[in-house]
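Me: Could you take a close look at the salt bridges in this protein for me? I'd like to know which residues pair up, and how the pairs sit in the rest of the fold.

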Amino acid sequence: MRAGIVGLVLVGLGLGGIVCQRVAARGRYAVPYSTYGAGPQGAKALYLYARGAGLSPTRWARDLIELPPRGMLVAVGGCDQMPSRPVSRYERESLLAWIDRGGVLLVAGAPDYLWDGAGITLTGAADCMPAGSLAEALAAADRGEEQDPEELVNGFAEDPDAVLARLAGEDEKSVPVVTSPRGLLSGVGPTLLDAPGTIHGPADAEVFLASGKPEVPHGVVVRRGAGAIVVLSSASLFENDALLDADGAVVFARLAEAFASGGPVIFDEYHLGVGERRSLARYVREVGGAPAALQLLFVIGVLLLGLGVRFGRHEAAPPPIPPGTASFIEGVGSLYRRTGDSTAALSLVARQGIADVAAHHHAPSVDPVRLGQELDERGHGDAALSVARIAELMHVESVSARALVDYVQEIDGLVARATMKERRDR
């Protein structure tokens with residue numbers, strides 16, 4: 001058990017080292033054959049060459065819908081790199097319609113990019129993935145084939161360097177194929193292709209790159225409508241480490257001159273894993289459903305506004321002040337001011353204060369003595385003392401105007417104190 005755990009840890013560390021080495025070689029987050037990759041298998045040099053040649057290159061990071069008219073779409077790949085996103089049926093239909101209108105599709109070494117309906121297909125080389133390599137193991141796992149982990153663990157324990165070299169595919173290198181250009185590549189010297197695939201096309205296809213006897217096509221042009229499909233059996237010509245040595249730049253320049261004169265050069269990054277899938281909102285907008293969607297949202301908003309329930313309990317507005325209250329108070333005040341009877345005014349205010357205390361405590365009597373006794377029996381001593389003090393103020397004599405204001409303020413405080421404890425208890 002311990003040996004197995006140690007072996008698995010070592011295998012994990014070794015695989016992690018391989019991944020880090022590969023990522024560092026081609027640039028972080030960049031997959032092989034991507035125009036963002038600066039490593040040996042990247043295509044950044046090809047992109048920079050196209051930009052320097054004035055071909056207006058662009059990186060396409062969404063599905064193959066609404067391609068620019070009369071451009072050249074470049075799909076670079078290899079049999080050792082499984083596509084992150086397959087070409088969907090909807091994309092195939094749109095791509096064929098785009099080609100018929102004058103677009104050009106250039107497929108270099110990407111076997112999963114073409115299908116039978118396109119009229120030409122490409123299959124990967126049989127020895128594309130070295131036996132025992134990590135790429136072969138991933139491909140087998142993708143096909144659902146079972147792997148034997150004990151063999152890998154035992155081999156790693158015996159010779160770690162050999163296992164790492166086998167996983168990286170360094171112990172088995174494919175022999176490049178020498179091809180002879182012709183047709184639109186006339187004048188170009190022999191080119192080398194690493195791990196070329198097999199092109200299956202019509203008999204009348206134009207061959208511009210071939211090898212061997214009998215002749216094996218490695219570069220084919222199939223005319224379709226106003227456009228064309230160009231297929232290269234390998235993408236090694238366009239990789240960074242072979243763009244100059246294998247005359248990949250010259251081959252791309254000839255192809256761009258023949259097929260990209262009427263539009264931009266578009267590098268497909270979407271099916272290599274760059275970009276995001278199309279959203280439902282974008283689909284609706286492209287089919288002209290944006291006005292209908294906005295109208296539907298407006299109707300839904302009106303329905304929700306009409307049928308929705310507000311948050312919280314409905315609060316009733318305070319009752320309006322009865323008309324004439326202010327004028328009544330002003331009239332009563334003017335009446336007492338003209339009579340000059342401050343003692344009677346104080347007595348009335350005191351009686352009203354006792355009545356308010358009695359109403360608050362639900363006492364049956366407004367007599368100060370009986371009200372005080374009842375409040376004391378109920379345990380409201382403060383209220384009873386307040387009532388007694390208000391009763392004293394009812395019989396004050398010779399009250400001046402200034403004293404009247406002080407007494408009224410005192411009565412208000414006593415009434416508030418007589419009802420305050422009851423409010424806190426609630």
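Reply: The protein chain has 14 helices and 11 strands, and what you see is a predicted model. The average pLDDT for the chain is 79, with 74% of the residues scoring at least 70. Of the 426 residues, 38% are buried.

Now to your salt bridges: the structure holds 7 of them. Let's start with D100 and R224, whose closest N and O atoms are 3.1 Å apart. D100 belongs to helix α3 (residues 89-100) and R224 to strand β9 (residues 216-224), so this pair ties together parts 124 residues apart in sequence. Both partners are partly exposed: D100 has a relative accessible area of 33%, and R224 has 25%.

Strand β9 also holds R223, which pairs with E206 of strand β8, so here the parts tied together are 17 residues apart in sequence. The N to O distance between R223 and E206 is 3.1 Å. E206 is partly exposed too, at 35% relative accessibility.

Next, look toward the end of the chain, where R389 and E410 meet in a salt bridge with an N to O distance of 2.8 Å. R389 sits in helix α13 and E410 in helix α14 (residues 401-425), so the bridge ties together parts that are 21 residues apart in sequence. R389 has a relative accessible area of 29% and is partly exposed; E410 is partly exposed as well, at 28%. These two residues are also linked with E392 in a network of salt bridges.

Helix α13 deserves a moment of its own. With 14 residues (381-394) at 1.5 Å a residue, α13 should span 20 Å, and its end C-alpha atoms are indeed 20 Å apart, which agrees. While R389 is partly exposed, α13 has buried residues as well, among them V387, I390, A391 and L393. One caution on its partner helix: over residues 422-426, pLDDT stays under 50, and the model has 4 contacts there beyond four places in sequence.

Finally, strand β8 brings us to the interior. Besides holding E206, β8 is one of the elements giving two or more residues to the largest nonpolar core. That core has 35 residues, and M72, F238 and F252 have the most contacts inside it. Helix α7 gives the most to this core, with 6 residues. A second, separate core of 26 residues includes L73, I99, I120 and V220.

Technical notes. Residues numbered from 1 in each chain as written. Predicted model: local features only at pLDDT ≥ 70, side-chain atom pairs only at ≥ 80, totals over all residues. Heavy atoms only, no water. Core = buried A, V, L, I, M, F, W, Y, C linked by side-chain atoms within 4.5 Å. Buried < 20%, exposed > 50% of the residue type's maximum accessible area, 1.4 Å probe, protein only. Helix = DSSP H or I, 4+ residues; strand = E, 2+ residues; numbered from the N terminus. pLDDT = per-residue confidence, 0-100. Contact = heavy atoms within 4.5 Å. Expected span 1.5 Å × (residues − 1). Salt bridge = Lys/Arg side-chain N within 4 Å of Asp/Glu carboxyl O.
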